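Let's take a walk through this structure, one piece at a time. Have a look at it first, and then we'll start with a pair of facing residues.

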Amino acid sequence: MKKHNFFAGPSILPDVVYEKTKEAIDDLYGSGVSLMSISHRSKEFQSVMDEAQELFKELLGIPEGYHVLFLGGGASSQFYMIPYNLLQTKASYLNTGTWSNKAIKEAKLFGETIEVASSADKKFNYIPKGFDVPKDIDYMHITTNNTIAGTEIKEDFDFGVPLVADMSSDILSRPVDVSKYSVIYGGAQKNLGPAGVTFVIVKEDILGKVDRAIPTMIDYRTHIAKGSMFNTPPVLPIFSTLQTLKWLKGLGGVEAMQKINAEKATLLYDEIDRNKLFKPGVANPEDRSLMNITFVMNDEYKDLDTGFLTLAAERNIVGIKGHRSVGGFRASTYNALPKASVEALVKAMQDYEKNM
Ligand SMILES: *Cc1c(COP(=O)(O)O)cnc(C)c1O
């Protein structure tokens, strides 16, 4: 398994997460029963759930009045769960890419949905600035990290309205002021754990304001009331997520992680800017994602694309082919990706340039 793994999701996890998960598949906490086969009501699994929620709160500094849920359905199910629970008349969305677009499509089923700004005019390669957010809305929705285009919103906005954020691909990569948000959600498979679990951080006082009837499983209040155990939760991905949280805490938490992530991203962006063969997917340094770094061949070297992928493969670098909607390359530099992998990619870029 010794590849430099730049896949965008599912993606690389810390080695200790694989090890601990393997152990628990054999025997969860000395119970003599596999993690996959023990009741989710057992004291062993209950302690996994409790610890994962507590550690999530601790690492992100989540204030009182918020709940951490671990649900199924992927971030994509949150695209409808959010408006189902929160949209009474009007909501507004910032359109920064494929995932925002999908969220907007679902919101339109529930009420008036205003797109306050969009970067669709330039294939989502920047974050719109200076837009107005109406005050008479139920909530404003943003996607903080745009996994496909490689842009990222790195500040915590304060629009004076409830803020909802899809943080699927940058959760726990840096500190966030959770008190500025009403809901933060995302799929685990980018920065947290294996696919199958979706985290939702929800502020209790935002709920109960819509008139419509909400199916039991879609109502956040159901899951809050039962400590995220109303039905069988995705036990294995939750266990692995807990191991990632412990690893992150051991590393010094989100502040330490942010520094490491910035170092890795700087290394790669500097090479993209320097190397004559390549150019960045996102021109404005302020808008560049620290998690998904997109780049393409400069126009005069366009036909050298596949050659670079071949060289990368020879050097055990996997997952750098760009998303089909963007082309070129994308290196996902999530929390668990070692700096050595970024160095290997940079070296491959330098060597490819030398041999031209
Ligand atoms: C991957 C991704 C999603 C979709 O997540 P699923 O868990 O596959 O539904 C949504 N939003 C963002 C920003 C993503 O990166």
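Start at Ser92, which stands opposite Met140 in S5. That pair belongs to a wider match: strand S3 (residues 90-95) and strand S5 (residues 139-143) run parallel and are joined by three bridges. Strands here are DSSP runs of E with at least two residues, helices are H or I runs of at least four, and both are numbered from the N terminus. Two strands pair if DSSP finds at least two bridges between them.

A quick word on the source: this is a predicted model, where local features need pLDDT of at least 70 and side-chain atom pairs count only at pLDDT 80 or more, while totals for chains, interfaces and linings use all residues. Residues are numbered from 1 along each chain as its sequence is written, and side-chain values use heavy atoms, leaving out hydrogens and water.

Now zoom out. Seven strands make an open sheet with mixed pairing, in the order S2-S10-S9-S8-S5-S3-S4. At the edges sit strand S2 (66-71) and strand S4 (112-118), each pairing on one side only.

What about the ligand? Helix H3 (residues 74-86) gives the most to the shell around it, with four residues. Of the 13 residues around the ligand (near means a heavy atom within 4 Å), those that come nearest include Ser76 and Thr147. An N or O atom in the Ser76 side chain is 2.6 Å from an oxygen atom of the ligand, and a polar side-chain atom of Thr147 lies 2.4 Å from a ligand oxygen atom; polar contacts like these are pairs of N or O atoms within 3.5 Å.

Methods
A polar contact is a pair of N or O atoms within 3.5 Å; within protein, one must be able to donate a hydrogen and the other to accept it, and residues adjacent in sequence count only if both atoms are side-chain atoms.
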